[in-house]
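Biologist: Please take a close look at one chain of this model, the one with the sheet, and keep the backbone in view. After that, tell me how it meets its partner.

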Amino acid sequence: MSALRKSSPLAVTGKYLALGFYVAFALFPLYWLAKIAVTPDKLIFTEGTALFPSRFTFENFGTVLLATDFLSYFKNSVFVSIGTAAITTAIAAAAGYAFSRFAFRGKRLIVALMLITQMFPLLMIIAPIYKIVAAVGLLNSLTSLIIVYTAFNIPFATFLMQSFFDGIPKDLEEAAMMDGCTRFEALRKIILPLTLPGLGATLGFVFTAAWSELLFALMLINSNDTMTFPVGLLTFVSKFSVDWGQMMAAGVLALVPSCLFFIFIQRYLVQGLTSGAVKG
Amino acid sequence: MARIELSNIAKAYGSVEVMRDIDLTIEDGEFIVLVGPSGCGKSTLLRMIAGLEPISAGDFTVDGRRMNDVPPRDRDMAMVFQSYALYPHMDVARNMGFSLEIRKSPNEERSSKVREAAKTLGLGNLTARLPKQLSGGQRQRVAMGRAIVRDPSAFLFDEPLSNLDAALRVEMRLEIARLHQRLKATMIYVTHDQVEALTLADRIVVLNAGDIQQVGTPLELYDRPANKFVAQFIGSPTMNILGIEPRDGGISLKNGTKLQLGLSGGQSAASELGVRPEHLNIVAPDAAHISGTAELVEHLGSDTNIHASVPGIGQVLVREHGHFPLKSGDKVGIALDLDKTHLFGPDGRRLAA
């Protein structure tokens, strides 16, 4: 369509300018993060807001990796995030399928309850959560974080999965059942392969949420061994100074898993896997 | 091979009963078409036969075996969906052979059956394609192929041609008819298109609002519709229904025209007269039963449809063969073929002579 419509050069330029502005706006903080990470300590304050540092160094990365507990934080975060993403997605997929395909007593009530949990600020329930976690003796454990994150992410992840299941025509399952599948076989052989984009999106969403969570990690964890990365980042803030260079270097490193994760799942995020299933 | 019997079948959603007292016997090898307007329950009935929809009450048997609670996979029926429901992540061959794959039949048998079905349906060189790379007609063929490969005891079709364009629909209709001749399997076909019903069916089941209106061969339904609903649903264009009054042994139309129609005893209560457009003729004014003005003339080539407005009666549709030199605004005289009229009682039932 757009190829047929004559668009004026002015409109095209305007469109790209707007896009360029948006991209610059969105990426600038990342650029600043990377810029400070490679700026030598001495120049951070003297050069102030210069766009490019006059000298580059990778010293900060070396220090972060070798002289701090960064690797331990990193490992903890990976464990918590993958654990949360996997458990949440598994539960959300099952729940989303049930919401999408079955009519059962109490469905509306459960949906309402799940929505309500999303409505109040987390700060309100920090104290009760702390008391519960302390009572079951899980303070300072990564398990407690996985449980809490999973609980908080399930409602949204469930709605997300439900919408993906809703997008897969019921006819496909019924055709599979006519073809000789049980409902579970139909789910496994027909629906599941078509839900991969949905699973990928949900995994990615929950993974990033868990990866960057600070509030609960800060409250439930205080031993250095079990700190996750966002909490660990705060250790770069000491009583008298903030080690900006190292903090930013750690930040850059922390971006790596998120990026890898999204590169890995992005091919499943591509829409249109179900196209061709029904008429069209 | 299957003889399918439905007795006293009912369907309710919660407390809402949508179908009741459905009795129908489908003989082995018969081509049955369920036809009716949207929401009449024809698809629900088919889905109950398929096992995709629970049967609320009554008995459903296949070859004498009660099947009410048998899951769809064990009913040995293949279904062709309106949406085709092809598995988008599998190529044509795997789509067609999926049922055999599930039943773990040997690879060679599966591929030879798939190849044979693909050849019959003209899909020979498309077996490696994904559904999204096929046209609508090709997808439809794959959906049929998937059913054929299984060699089921009965085929169920749920409006399989609704998503095709007119030309392709005619072609596929022929193909389905040929398929039935070749396989001689029991087929149950749901459609809202009465042309499909009339052309394909051994017997047609006309449904309306969850009730069976009439079961019969296409010509039975055309010649002797059980009631006004069937009369108007079967046949295109729709039958004219004219209000009548009894008058000295015969009847007269609302505008006072008396018709020389001998009424039998059972027909004395007739309140309406039905006459198909093809049983009306444009004639000279002195030979006409009624006369009026042609409001709209549709030239179809093979036929000419004349929508006439008759004072005191209303709209009357006349169908003439071939070209008919008439234009809007012309005065027309209309004669009824009195042997081919139908009389309906106040309850809509047809009153037989």
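Modeller: B:Asp21 is a place to start; it sits in strand E2 of chain B, which covers residues 16-26. The model is predicted, so everything below is a reading of a prediction. Although B:Asp21 is not a glycine, its phi is positive, at about 50 degrees. Its surroundings are partly exposed, because 13 other C-beta atoms lie within 10 Å, and a residue needs 20 or more to count as buried.

A second backbone feature of this kind is B:Ala85, also a residue other than glycine, with a positive phi near 50 degrees. B:Ala85 is placed in a loop of chain B, between E6 and helix H2 (92-102). B:Ala85 counts as buried because it has 29 C-beta neighbours inside 10 Å.

The strand before that loop, E6 of chain B, spans residues 77-80 and is covered on both faces. B:Met77 and B:Met79 are buried on one side, and B:Ala78 and B:Val80 are buried on the other. E6(B) pairs with strand E7 of chain B, residues 154-158, in the parallel sense, with four bridges between them. Within this pairing, B:Val80 has B:Phe157 of E7(B) as its bridge partner.

Next comes the sheet as a whole. In chain B, six strands make an open sheet with mixed pairing, and their order is E6-E7-E8-E3-E9-E10. Its edges are E6 and strand E10 (211-216) of chain B, each of which pairs on one side only. From one strand to the next, the twist averages 15 degrees. As a general point, the strands of a sheet pair through backbone hydrogen bonds, in either a parallel or an antiparallel way.

Moving inward from E6(B), the pairing of E7(B) with strand E8 of chain B, residues 186-191, is parallel and has five bridges. B:Asp158 is bridged there to B:Val190 in E8(B). Helix H4 of chain B, residues 136-150, packs on the sheet and touches E6 and E7 of chain B. The direction of H4(B) makes about 175 degrees with that of E6(B).

One more backbone detail lies further along the chain. The peptide bond from B:Ser236 to B:Pro237 is cis, with omega near -5 degrees. B:Pro237 is found in the loop that joins helix H8 (228-233) to strand E11 (240-247) of chain B.

Now for the partner. In the contact between the two chains, 22 residues of chain A meet 24 residues of chain B. On the chain A side, helix H8 (170-178) and helix H9 (183-211) of chain A each supply at least two residues. H8(A) gives the most to that side, with six residues. By type, the chain A residues that touch chain B comprise 12 nonpolar, five polar and five charged.

Chain A also has a contact within itself. The domain assignment divides chain A into domain 1 (2-47) and domain 2 (60-279). The C-alpha centres of these two domains of chain A are 30 Å apart. Between them, seven residues of domain 1 of chain A are in contact with seven residues of domain 2 of chain A. Helix H1 (9-37) and helix H2 (41-46) of chain A each provide at least two residues of the domain 1 side. H1(A) has the largest share of that side, four residues. The residues on the domain 1 side are five nonpolar, one polar and one charged.

Methods:
Residues numbered from 1 in each chain as written. Chains lettered and ligands numbered in written order. Predicted model: local features only at pLDDT ≥ 70, side-chain atom pairs only at ≥ 80, totals over all residues. Buried ≥ 20, exposed ≤ 12 C-beta atoms within 10 Å, placed from the backbone. Pairing = 2+ DSSP bridges. Domains from an automatic or database assignment. Nonpolar A, V, L, I, M, F, W, Y, C, P; charged D, E, K, R; others polar. Axes fitted to C-alpha atoms, helices over the stretch in contact; angles between N-to-C directions.
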